[in-house]
Amino acid sequence: IELPRLNVYPNPAKDVLYFSQPVSGMLVDMYGKAVANFTNASNINISSLAAGNYIFRAEGFKVEKIIIQ
């Protein structure tokens, strides 16, 4: 079964990451450490995270690579 893509924007992002619909999941750094968890959220504040590449995992959607500036 192919999972649908969630629209996550902007990418690259700086302060806030927005989703096209409310979702639950996590943002994971490249070492596999969860740096943000969210439940039924349409956006998350990422301003406190270090610049770099992250993996965005939302329940029921494809995994997305996110760049934080």
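**Exercise 1. Asn40 and Asn37**

Task: State whether Asn40 is buried or exposed, and in which strand Asn40 is found.

Solution. Step 1: Apply the cut-offs for accessibility: buried is under 20% relative accessible area, exposed is over 50%, and partly exposed lies in between, with a 1.4 Å probe and protein chains only. Asn40 is exposed because its relative accessible area is 58%. The model is predicted, so local features require a pLDDT of at least 70 and side-chain atom pairs a pLDDT of 80 or more, while totals for chains, interfaces and linings use all residues. Numbering starts from 1 along each chain as its sequence is written, and side-chain values rest on heavy atoms, without hydrogens and water.

Step 2: Locate the residue. Asn40 belongs to strand β3; strands (E, at least two residues) and helices (H or I, at least four residues) are DSSP runs numbered from the N terminus. Although Asn40 is not a glycine, its phi is positive, about 50°.

Step 3: Turn to Asn37, which also lies in β3. Asn37 counts as exposed because its relative accessibility is 60%. Its C-alpha is 6.5 Å from that of Leu27, which is 10 residues away in sequence. Beyond its neighbours within four places in sequence, Asn37 is in contact (heavy atoms within 4.5 Å) with Gly25 and Met26.

**Exercise 2. The aromatic pair of Phe19**

Task: Identify which ring pairs with Phe19 in a tilted arrangement, and which strands hold the two rings.

Solution. Step 1: Set out the criteria. A pair of aromatic rings is described by the distance of the centres and the angle of the planes. Rings of Phe, Tyr and Trp (its six-membered ring) pair if their centres lie within 6.5 Å; planes under 30 degrees apart are stacked, over 60 edge-to-face, and the rest tilted.

Step 2: Apply them. This rule yields 4 aromatic pairs. Phe19 and Phe56 form a tilted pair, with centres 5.0 Å apart and planes at 45°. The pair links distant parts of the chain, since Phe19 lies in β2 (residues 16-29) and Phe56 in β4 (residues 52-58), 37 residues apart.

Step 3: Place the pair in its surroundings. Both Phe19 and Phe56 are buried, and ring pairs join Phe19, Phe38 and Phe56 into a cluster. A nonpolar core is a set of buried Ala, Val, Leu, Ile, Met, Phe, Trp, Tyr and Cys residues joined through side-chain atoms within 4.5 Å. The largest such core has 19 residues, and Leu17, Phe19, Leu27 and Phe56 have the most contacts inside it. The elements giving two or more residues to this core are β2, β3 (34-45), β4 and β5. Apart from neighbours within four places in sequence, residues in contact with Phe56 include Leu6, Val8, Leu17, Met26 and Ile66.

**Exercise 3. Strand pairing and Glu64**

Task: Describe how β4 pairs with β2 and with β5, and state whether Glu64 is buried or exposed.

Solution. Step 1: Two strands pair if DSSP finds at least two bridges between them. The pairing of β2 with β4 is antiparallel over 5 bridges; here Asp29 has Tyr54 as its bridge partner. The pairing of β4 with β5 (residues 64-68) is also antiparallel, over 5 bridges. In β5, Ile66 is the partner of Tyr54, and Lys65 that of Ile55. Five residues separate the strands of this β4 and β5 hairpin, in which Gly60 takes a positive phi near 85°.

Step 2: In a regular strand the side chains alternate between the two faces of the sheet. In β5, Glu64, Ile66 and Ile68 form the covered face, whereas Lys65 and Ile67 form the uncovered one.

Step 3: Glu64 counts as buried because its relative accessibility is 10%. Its side chain makes a polar contact with that of Arg5 at 2.9 Å. A polar contact is a pair of N or O atoms within 3.5 Å; within protein, one must be able to donate a hydrogen and the other to accept it, and residues adjacent in sequence count only if both atoms are side-chain atoms. Not counting residues up to four places away in sequence, Glu64 touches Arg5, Leu6, Tyr54, Ile55 and Phe56.
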